[in-house]
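Reader: I would like to learn how to read strands, helices and buried faces in a protein model. Could you take me through an example?

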Amino acid sequence: MLQAGIKKTLVILLLLFSLFNIKQLWSASLDIGDRGTETLDRWEADMILLKESLPVNRGVVGYISEEDVAGLEYGYWDNETEFLLTQYALAPLIFKKGLSAEWNVVVLKNEDLLKWLTANPGTYEIVKIKSKFHILHNLGNQ
């Protein structure tokens, strides 16, 4: 009988603790503003500039970003999110990470792009679109 009472008390305490945590999480979520909309709108506007500047409408396009620069620290999930957003905004183009096509979208700051170019010598034509957005035309061994 005593064990049944202890079990019942523990279940009630666990239930109260869970309800308290749910209330805390719900209350905290009420104060979260929509901080992502403005950022997404800017990204989409930059992607429109890229799309207008790319000479291809279909096919495979390379995607060069911070993860392609040796020794550069970056946020993995930020980088993956940017890659997915780029794929979405520039559909029906198919993006493949790295220098993997004649035409490549580069999402790197100027100094990081210089590091990448040093590590990946070749013949390229680079068009700066805006801030960290570039189009890299791989001219091959001309």
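Author: We shall go through some strands, then two helices, and lastly two loop residues. This is a predicted model, in which local features need pLDDT of at least 70 and side-chain atom pairs count only at pLDDT 80 or more, while totals for chains, interfaces and linings use all residues. Residues are numbered from 1 along each chain as its sequence is written, and side-chain values use heavy atoms, with hydrogens and water left out.

Reader: Which strands does S1 pair with?

Author: Helices (H or I, at least four residues) and strands (E, at least two) are DSSP runs numbered from the N terminus, and two strands pair if DSSP finds at least two bridges between them. Strand S1 (residues 60-64) runs parallel to strand S2 (residues 94-97), to which four bridges join S1, with valine 61 standing opposite phenylalanine 95. From S1 the chain passes through helix H3 (residues 76-89) to S2 in a right-handed β-α-β crossover; right-handed means that, with the strands pointing away from the viewer, the path from the first strand over the helix to the second runs clockwise. S1 also pairs in the parallel sense with strand S3 (residues 103-107) over two bridges, where asparagine 104 is the bridge partner of glycine 62.

Reader: Which residues of H3 are buried, and why are they on the same side?

Author: An α-helix has 3.6 residues a turn, so residues three or four places apart point the same way. Buried means under 20% relative accessible area, exposed over 50%, and partly exposed in between (1.4 Å probe, protein chains only). In H3 the buried residues are Asn79, Glu80, Glu82, Phe83 and Thr86. They lie on the same side of H3 because they cover an arc of only 160° around the axis, the arc being that of the directions from the helix axis to the C-beta atoms. The face turned away from this buried side carries the exposed residues Trp77, Asp78, Leu84 and Tyr88.

Reader: Which residues are buried in helix H4?

Author: In H4 (residues 110-119), Asp112, Leu113 and Trp116 are buried. These buried residues fall within an arc of 100° seen down the axis, so they line one face of H4, whereas Leu114 and Thr118 are exposed on the other side.

Reader: What is the peptide bond like before proline 92, and what is phi of serine 131?

Author: The bond from alanine 91 to proline 92 is cis, with omega near 20°, and proline 92 lies in the loop between H3 and S2. Serine 131, a residue other than glycine, has a positive phi near 40°.
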